[in-house]
Every structure is written in structure tokens, then in C-alpha cells.
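Please open the model in your viewer and keep the selection panel at hand. The tour goes from one selection to the next and says what is found at each.

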There are 4 protein chains.
Amino acid sequence: MAKTPVAVLGATGMVGQRFVQLLVDHPWFELKALTASKRSAGKRYEEAAKWFLRPPMPEEIKDTEVLPTSEKSVEGADIVFSALPTSTAKDVEPKMAEAGHLVASNASSYRMEPDVPLLIPEVNPDHLALLDEQKDRRDWDGAIVTNPNCTTIILVLALKPLFDDFGIKRAFVSTMQALSGAGYGGVKSMEIQDNLIPYIGKEEWKTENETLKILGKLEDNKVSPAKIKVSSSCHRVPVLDGHTEAVFLELEKKANPKQASKSLSDFVARPQELGMPTAPEQPIIVDERNDRPQPRSARFAGSIPGMAIVVGRIRKDPVLKNGLKFIVSGNNVIRGAAGASVLNAELIKSEGFLE
Amino acid sequence: MAKTPVAVLGATGMVGQRFVQLLVDHPWFELKALTASKRSAGKRYEEAAKWFLRPPMPEEIKDTEVLPTSEKSVEGADIVFSALPTSTAKDVEPKMAEAGHLVASNASSYRMEPDVPLLIPEVNPDHLALLDEQKDRRDWDGAIVTNPNCTTIILVLALKPLFDDFGIKRAFVSTMQALSGAGYGGVKSMEIQDNLIPYIGKEEWKTENETLKILGKLEDNKVSPAKIKVSSSCHRVPVLDGHTEAVFLELEKKANPKQASKSLSDFVARPQELGMPTAPEQPIIVDERNDRPQPRSARFAGSIPGMAIVVGRIRKDPVLKNGLKFIVSGNNVIRGAAGASVLNAELIKSEGFLE
Amino acid sequence: MAKTPVAVLGATGMVGQRFVQLLVDHPWFELKALTASKRSAGKRYEEAAKWFLRPPMPEEIKDTEVLPTSEKSVEGADIVFSALPTSTAKDVEPKMAEAGHLVASNASSYRMEPDVPLLIPEVNPDHLALLDEQKDRRDWDGAIVTNPNCTTIILVLALKPLFDDFGIKRAFVSTMQALSGAGYGGVKSMEIQDNLIPYIGKEEWKTENETLKILGKLEDNKVSPAKIKVSSSCHRVPVLDGHTEAVFLELEKKANPKQASKSLSDFVARPQELGMPTAPEQPIIVDERNDRPQPRSARFAGSIPGMAIVVGRIRKDPVLKNGLKFIVSGNNVIRGAAGASVLNAELIKSEGFLE
Amino acid sequence: MAKTPVAVLGATGMVGQRFVQLLVDHPWFELKALTASKRSAGKRYEEAAKWFLRPPMPEEIKDTEVLPTSEKSVEGADIVFSALPTSTAKDVEPKMAEAGHLVASNASSYRMEPDVPLLIPEVNPDHLALLDEQKDRRDWDGAIVTNPNCTTIILVLALKPLFDDFGIKRAFVSTMQALSGAGYGGVKSMEIQDNLIPYIGKEEWKTENETLKILGKLEDNKVSPAKIKVSSSCHRVPVLDGHTEAVFLELEKKANPKQASKSLSDFVARPQELGMPTAPEQPIIVDERNDRPQPRSARFAGSIPGMAIVVGRIRKDPVLKNGLKFIVSGNNVIRGAAGASVLNAELIKSEGFLE
């Protein structure tokens, strides 16, 4: 299988760097272009990007010239990964799609558009079918596929097996989110040192609404939102990477913690069946220790580090009907952003949507 | 009014030190004795206690000899404040009560006994009446009065005005608790650095059950638990002092955020009416800023620093019937422990239970 | 004594807020005007300043209108406190001085000018005499007086008694500096979480050079630099407030740790003699505990909280001739910035330089 | 080459776990036994050790029975790695050596014995010759070889090339040490949160004295200490892993930063020549960025993660003759402890001391 040429938009930021890291040796994709804002364009990638990941910046990418974010820069790239900020993404992504690129976007700009798949390959791979509708309706040669907000991905991946096996009526989610979720400069040290911030702009809206679309049913080229209700409260804590979420669930059918644990542990889906390279063997790891999951260890969980989520403390909820409580933790930048988009692109390629 | 002689049991630990700080210049109480474990007994307080509060240890207490925790050591003290660990408290406190002392305890050992008041002076001052029942039934000259667990106090104080004004059917609580809640040596730095721990032993049980007793009705010398249901998920975060709690409420009667805010801000109760010295003028402060309350600033809120709690982000809950969500933060060692016991003792004295 | 009208330039930032806090109830000064950048001008102080100090913003200042930083805004203020950034200070301060104001500046722009006092009132109060020279030479009605860099102040205050009593030939200083030293937004949480940054721009140059001027001799209206040599290495650590410095000294005359301790503890100077309101009774506190000073407790040391520094671990240096080692910790924003300027202004007023 | 059977003493603690991690797939060694204190003996390793490393505990070791620390438990192991606490090591290690084992110890108990090599394979591989002397004198079949204290290893490895190329007369070292250096439970979170502790028991003595032995000359079966003088000041900061040290050097011969940088970067030694499996290709990495090294990235530096140290900010010292300053950071548990002992054992095997 010839490698598919790809590009990364917004390659110098935190999510952009994770894209580069995941794509530089990717078995299916070949990284052809990196773009960034004008300030960085023209520089070598090593100069333009203040690399903060471990391991260090891959040698083979250091000398790559960073290009300005434009259609010209990504010519020849079948897939364009977007780590652009929302406002830029809003302008740029449709142009790229119109020009024939498949845009795999981490931005929130088009997530809730009816004809744009809001995709988690383990959860709603069939929503990809919206791509045809999208191309038709918009008369584009390419298309946009999006991944959900980081907090939503981690939540919904944990909900999916329970949703399938027992049904979910209502979910209450209280998050403890990592600093990296706000971008490299998003949270000042003076704000968060010995403190927490119980507010993250738009995050509650996203988790409460994206969830319904992702778990929704595709019928007649439309997604009808799932009949689940979600309420969330989102908080920033002094942790580098890894969002942790306390979840309270009202199920349709009774399930005890052991049944729920099995449902979660056993869960595999389309990416695992297809053997997609960025798909972890086991997407949901249940940690039975009484004080887990913890973000410091959960953040690189899985056979593909950072792509599995970890669930723990599954217990009966004493208040809700058929109630269950648990904690889930996952890597917000990998499973929750760059890895999510790469997985989307792998599904698209696997399912023949690139041809 | 002559000052009432008092003693502190377990005076060298974190809660013990707060007791000393609150009592050393207290207008109603006179600190007569400090006790601690055998290891510390016989030492000067300055040697025995590794003081970690600001301001520094009061001069007048430095040379006080620390006594062993025994009935003899507290002779002459009408009120005995207990910062003992649960297991020690279980043995020691009944003996002290039998010997005629009023034990104001922060320990959990007797909180759920039917004839022991589990008291928050702003919430259920009438439960003090259990003291007579307790003395009678146990044939004690003294008695035990307890304050709830720190997380419960902060929660229930925030619930009280809403409970009175609108009724509460169900509450979901997700906490982000401070290191000091586990005692000085409770959380190792290697455990919590760049991390969080989503588990605190017995904390969820306490919040879910103590709440019902505190908000319960006193009838025929018994407390019938309130018909509210509580589910909680408790988590430790790297913050020195100040527990923060995300609360989701189902109310009996509809209340919009503005009404709830007014209900909370306007709340004053018996301690404020009586002008008790450790009662903050306004027990619940509503902070309207969109990213508050934060523990670093909330931890010393109030006219008596650390005795007021701060509520913020009051908003509609999209899932629960008559649903409301908010965040509350308060000082777990002052309002949640030592200050709580002192306030209990002040109520006891004000209401004439010492005579 | 009638209160002297004063203004604060750059009143909304971290140092500016400390100025406001120290001046709002000052017995000698009356706060007449607050200025800030254009973005804030016209707003009420409460809106313009994101207050991050404890206790909360004083009520009486909340409604004060923030003015643009200009000569007009400070008319009528005899003393103008400057918390301006270096580049702005460079332009604005001379104009203010020319217009007749006494500018007490925390900025670095004019510290090393030969006719500008670089003042620590406990260390070189006689350098104030440069003010006459400055006015003459520059033909100004007012003048500029500066305080040193925060790290330098804490260092030099600790060096002064030893310099006087034993002579100092060489000093090596390695710092562990607080986040607040970089300003509220200076250090991103992603940079410093679970990390340290061994570099602070220009800080080493400042400590190595300012020290010589401060400890220098005033002769013929000029300061001849002290014959001490200083080498420093400056590092940022995840601590909110309080710079800690490890100092290695080569003394002229032998001194054992006990003698050094006494020299430091006994030290009082002109501000203490004059009873200046912001002068701590004991400017240098020696803490004999083997693991002190620590910034969390040292940051508010002293009878005027934050104005005393704490020295500990005084021990022989095994390498240097007449060698001594110790650790010093002090509040970088109070003693090291705003409090330093206020103390300068108090000295100026006390010594009659305002008339 | 047949694998050498080895055992780990004290296998459940922080250093013990790193031993297990480094040895479980080691090409030269075969892990035959794990020992721990009585409390853990008899348990499966997975139960006995609270694993805190990433990646998770290797599957193949989970079921290994933890044995009591005794001679019997390590029968058949040619090399015994010791992560024992000092006091236990003092008793146990000589018995093991007498019984014929080569004890590669991280404990401090025998480091300064004249006939015990205090070894850094890149620095003083020739000191291994002391083993023969040791066996003779003590009439042991086995022997003890030690690695220095973590802070000393990182320091001395950075000093070695400069010592060889330019000579070093005096060194001043100020450290910022990681939490893990104190063991898992060594530093309480309440002590270090938003704080630092400027004291680490015995650490200054160790760095000041071990350095002289390591850099000393082996003559007539004795090490004569190097004529370098070291003064250190040791401090704990809130960083998980990675000790950072600010070093001020007086050289024998002048060297500018560029020459020093080249001396450090070019440095390779016996372990690299021998291609020892745990030896990093480049033991000293010079990072030219102006704000490096930082422990978060330096802690896993090198081709063998955690075995290289990172030096940065090499600059002239303005005070010392032929003075240089720099910062060095390295992994205290890998290069500074477990990896150090493994490297020692590899050298011993390579050089034929096992036969």
C-alpha cells in the first residue's frame, strides 16, 4: 500500500507537535508539509517549534521548512490534519475541503454541522457516511471530518460500551482537566499554582452537546441525537497532561459494577478489527486498584501510548435509578486531540473514503 | 462573663494547631491544657508541635507543657476540644464525657450515634437538644457534640439556604480536596506531584450519610434523617488548603440562579444572631466572577478568616428537574474542622448548655 | 504631620497591587491617583485590576478611576511610585522628575545611573545625598530614587551586617526564585509544572553589579563601587512568592556561624531608628531550625509582613578562606519591590528631602 | 556469552523498581531473585511493590515471589544489586560479599572504605582494581562495589572531562533536587507544596567528600583523594525526578565556554568503548538553549533514557580565577542510583572481575 501524502496545519503548537510525532514514522501516511502562522513560516521546523515532548524532536523533521497556512502549501497532500485555532479553522478548512483535501480537524468550528462527521472511530464509525452527503451538498471534492473536544472523547469512549450494553439515560460529569488542554500558554503559573480554576470556557457546552451527536443514530444521511442527557462541570487542575472525569450514570437497565467492568474491558471496535496502526489493542483499560485512575500514569496508557483510556472505581450510585459511578482518565492531547484525528484519518483510509 | 476553661486534645497536629490558634485569644474561652500522644507529652508546646501555620506560633503558648491525653490532664476544663484520631477518640471521648466534660469533637467516632448532635451551628442549632437525651441515656455528667466531616460541612452549609427556600431532592457532589485534609503526613509528595488521587477513604460514605442527619428533623429527641439523597465522588488534588466541590442539585421547587444566589448571600442564622465570636458575619459569600471560587483565595474568606465559604458559577442544570449547578469552596481545616468545633462550643455556651 | 499626596504608576499589575495595599492606609502618605496603560484607563480600579492578593481589594479603592500614565494624571502628587515596565519607565520617569515629582521607582531603567540612588534604607541611606547632585546636574525640580532588583535586595540586606562586621571579599549566590518575580503572566504553567527553569533574563547581571553600587561608598557626590566580587546563578522554581538564595561567602576576617548569626540578628539601621512605618522591627530574622528558611513561611516574615528576610543554615564553608555559607529567603514583591519603594519614600520624607 | 544470574535486594522501593526495570530484559544479566523486607516477603512482586514507573510493571516479573533479604535468597546469583537502606546494607552487604557474591551497591554504608571502589564507570574505571585488595584484606570470596550518591554522580560526571582537560581547583555546587531522591515517602506533600526545603541530611557532606575519592588517583592499591575542593549547598524542590545543580568552577587552566562545551560533548570513556549495554552513547549532552537544562526534559536524556546528563548555560564566572559556571541536570534514580549500579556491574563483567 503506497503511503498517503499528508500535511499538518498549525504544526508548531502543542497539538501540532503531537501530530508530527504520530505521523513522522506512520506506516500509512507520509508527512509532506507543515504549516503555521506567518510568524513561523519560512523557518526550519526546529527553529519554529519550541518542542516540549519527550522523546526529543525527530531528526528527520528538524530541517523541514514551515510553510504559511494556505492551500498552496498543502498541494499534493490527500489528507490535511488541522490543529488550527477555531477562528482560523473556520476560514481555512472549507477552502481546503473545496480544493479536494480530506481535512481531519481537531478544531471545533464544524463539529456540530449536520453533514460533518463528529467521529470517534471506536464509537460511531458509520457516521463517516456523512462525508458523501457533505461533498454532495457543498459541492466539494474533499471533505471535513472532525474529532470531538478532548473531554468529550474521553467521556464518550467510556460511555460507549455501557450505552450499547445497558443503555444510558442521564450522565453527570465533573472534570479535573490538565494544563495542556488550554494550550502551551493558556494557563499562567500564577493562576494555578497551589490552586484550581473551576471554569473552562465553552467546555461544558461541548461535552453536553457533542456527546449527543456522537452517540446519535445515522438515518437518511442525518444524525439524530442520542436520547441521553448530559450535565457537566469543568475544572482545571495543576496536572500537565491527562483529563480525569468523575461520572455518575443513570442506566436504562441495571448493571452491577462487575458487569460494567466487563463491558468496558471487553470493548473492542472497528479500529481494533481493522488493525489500524494508531488504534490501541484495548481502548478501555479497567484498573481495579482502589485509588485509580490517576492522570500521571493513565496519560500514556495503552499499547499505543496515550490512546487507551483508564477507568476505575466503578461503583453503585446510591441516588440514580440503575445508577453507576466511575472515574475515567485519558490523555487529552493524544487520544483527545492529535491521536483522535489520526485515528479518524486511518478509518477514512481503511474504509476506502480516500479513493 | 467569666471565661470558660478549655483544653485541646491532640494539640500538636494540623487540626490541633488550628484549635490553638483560634483559642489562644478567644474572648469566651481560656486555654488551660494541651494534650498529645506519649511521644510529645512532657515537652514544651514549641518543641512538640512542628508549627506550620501563619502567623507564627503565639508566644504565650510556646512554653506550655504538653500533657498526655488523659482525664487527669484536662481536669478543670469545662470544654474539651478533640482533634484526636478516630481510634483514640473512640476510647477517650466517652471517658471525658462521663467525667463531666463537654467534648467538642472533630473526630468521626460518634458522629452518627443517635443521641450525639452532629452540628453545624448555622444549620441545625436545635439538634443541641440531643445533649440532654445523651446525658440521661448514658448517665454522663458531660456530653459529646461533634462536627461533621470537612467536606460535608462545606457542602451542607451551602445546601442549607436552598434546602429551606426551595427544597432539595437529590444532590450529586464531586470534590477536589486539599492535601491538609489528610493530615500533615497523609499524602506523600511522590503520590500527588503532577497528579491527582481520585479516592479518599470513607469520604464518600460520610458526605452521603452525615448530610441526612444534619438536615434531619429533631422530633421526640430523635433526628429523623432528611429525605434528601446524596451521591458523591471524592478526589484529592495538589492544593494545600481549601476543599472545592462541584454540586448538581435537583430542587423541589424551581429556582433560577439569581434566586439561588440571593438565598445564599442573604443567609444568616443563629450564630450570626447571637454574635458568636467565631461566626463570620456572612457565612456564605457568592462570588459572581466566572472562574470562581478558587481555593487559594477562598480558603481565608470571611470576616473570620476561613469561616465563610464561597459559592460561584450558579447555573441551571440541563438534566435534573428544577436543576441547579454550582461550585463551593471552603477552608477544610478551619470551617471544616477546628473552627467548626469552636463554633459548636460557642453555641453550647450561648444556649446555656454549660450550666 | 500632614499626609504627603502620592500616586502609583502601573497600579494594576502585581507590584502595583502591592503598592496599593501598602499605601491605602499608610500613616504618612495619601493615595491620590492610580495610573495604568491605556487599556485600563477610564475603568474603575476594581474592573481594571484582577486582584490576586489576600486580603481582598480594599473597599475604599474599588471605585477609584484608573488614569492613563501621564504627567497630568499625577499632578499634585509629591511622590510618584513607579511599578512601570522598564521600557515605559525609561520614558516616563524623567518627565515626572523634571516636573517636580519625587519618583520612587521599582524599574531597572535608571538604577545604575551615577547620580541616581540605588537604595535600601537599611543599607545605604546616605546615598540619598545623590538626589541633590541629580537635581543640579539634570536641572530637575524632582528626582528619581530606585530600589534594587528583588533578588539583589534580599541578598544585600543579608550581606550588609557581615560586610560591616567582617568584610566580604567574594560572594557566590545561587537562587531559587518565585513565579511572581516574573509578573503575573510571566511564567506559563506548562513551563514550570514539575520542572524548574535555570535562567532568568538579566538577573545574574543585576545581582552581580547592583550589589557593588549599593555597598559602595559615597564620596564627592559619587558612589565608588564596593570592592566585593559577586557571581550568581539564577533559577526559577514553582513557588508563588519568596525568593530563596544559597550564599557562599569569603570574608575578610574570620567569623564563625555563631558570630555571623549574632551580627545578622542584631542588625538594625536607620529605618528602625527613625521608626519608619514600613520598616520591620527586626529586618533580618535568623531561623535556627536545620531545614529553614523556606519560602512558604518566610514570605510574610517580620513585624511588617513580608518586609523582614529570614536567614538560616549558617555554616562554615570548607573551601573559601574565612568561608561561610547560608540560605536567605524573602518576599520578592514586598521587601523586593513595592515595600522597598515605599521604604525609600519613607526615608526620603524622614530625612527632609521632600521639602 | 551466557547470562550472569543476578538478584536485587530491596526490590520493592523506588530504586529497587528501577533495578527491576533495567534488569528484566538485560542482555548480559538474568534476574533470578528479588528480596525485600519481611513485610513483603512471600508475596508476589505485583502485590508487594506499588509500581510507580512508566511503562507498567513488566508482565514476566509480576508473579515472582519476593524473598526475605538473606544469603539464602540470593544463592546462585553472581551479582547482587543492593537498593537497601543504609543501616540494613551495613549488616547485609558484607555477609553477601563474604559468601562470594559481587555486591553492586547503591547504599552509602561502604562508599568511603579505602578498599571499596566508589565507581562511575566513565570516570574512574581503574578503581575497580581495589576489588582484589578488598578480597585479600577481608578474606572474602566476593566483594562490594559502590556507586556514589546521586547528586555526586551527576556532578562528577560533568566535572570529569573538565578535570582531565583543564584541571579543577575548586567547585561550588548549589543543588535543586527531586522528590524521588528522598524515597517514595520521604517528602510529605504538605512540606513541599508551593515551597522548597533548603536542607537534605548528609547530602552536602557526601558531595563534598565522595567527589575527592572518585576523582582520586589509584596508587599502590590505594586511592589518594583528588586535590580538588568542593563546597555544596543542597535543596529540595517540587520536581518528581531529576536533580539540577548550579556549578561554579575554578580551573587550573583557562578555558572559555566553547572549549568547555566541546570537552563535555566529546567526552566518551570506557563504557562507551566497551559498548556496555546500559552506557549511553554520549554520556554528557550539552544543550545550547539559553534556559536549559530543565529536569522535566533532562530526566530521560540519552540513548539509554536517564543515563545521560545534560549540561547548559556554560559561561564565564566573573569571580573565580579561570572561572566557569554551568548548570547540569540528570536523572537521580537512573544515572544517580539503579542505572549507576548496573553500569558498575557491566564494567565488572566486561573487565573480567567476575571470573
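The stops below take up the pair of chains A and B, and then the contact of chain A with chain C.

Before selecting anything, note that this is a predicted model, in which local features need pLDDT of at least 70 and side-chain atom pairs count only at pLDDT 80 or more, while totals for chains, interfaces and linings use all residues. Residues are numbered from 1 along each chain as its sequence is written, chains are lettered from A and ligands numbered from 1 in the order in which they are written, and side-chain values use heavy atoms, with hydrogens and water left out.

**Chains A and B**

Select chain A and chain B together: a rotation of 180° with 0.0 Å of shift along its axis lays chain B on chain A with an RMSD of 0.0 Å, the superposition being by least squares on the C-alpha atoms of residues with pLDDT of at least 70 in both copies. The two copies are thus related as by a two-fold rotation axis. To find that axis from chain B, go to Ser174(B), whose C-alpha, at 3.2 Å, comes closest to it among the residues of chain B.

Next, colour the residues in contact (heavy atoms within 4.5 Å), which number 48 in chain B and 48 in chain A. Of the interface residues of chain B, 100% are also interface residues in chain A, so the copies meet through the same surface.

Which residues of chain B lose the most area to chain A? They are Asp194(B), Arg296(B) and Val319(B), together 17% of what that side buries; here buried area is the accessible area (1.4 Å probe) that two parts lose on being put together, summed over both. Chain B and chain A bury about 3800 Å² between them, with 55% of it on carbon and sulfur atoms.

Now show the side chains of Arg315(A) and Glu204(B), which form a salt bridge with the closest N and O atoms 3.0 Å apart. The term stands for a side-chain nitrogen of Lys or Arg within 4 Å of a carboxyl oxygen of Asp or Glu, and there are eight salt bridges between chain B and chain A.

**Chains A and C**

Move on to chain C, where 17 residues of chain A are in contact with 17 residues of chain C. In chain A, select Tyr184(A), Met190(A) and Gln193(A), which lose the most area to chain C and together make up 44% of what that side buries.

For the last stop, show Lys50(C) and Glu191(A), whose side chains meet in a salt bridge (3.8 Å, N to O); the rule finds two salt bridges across this interface.
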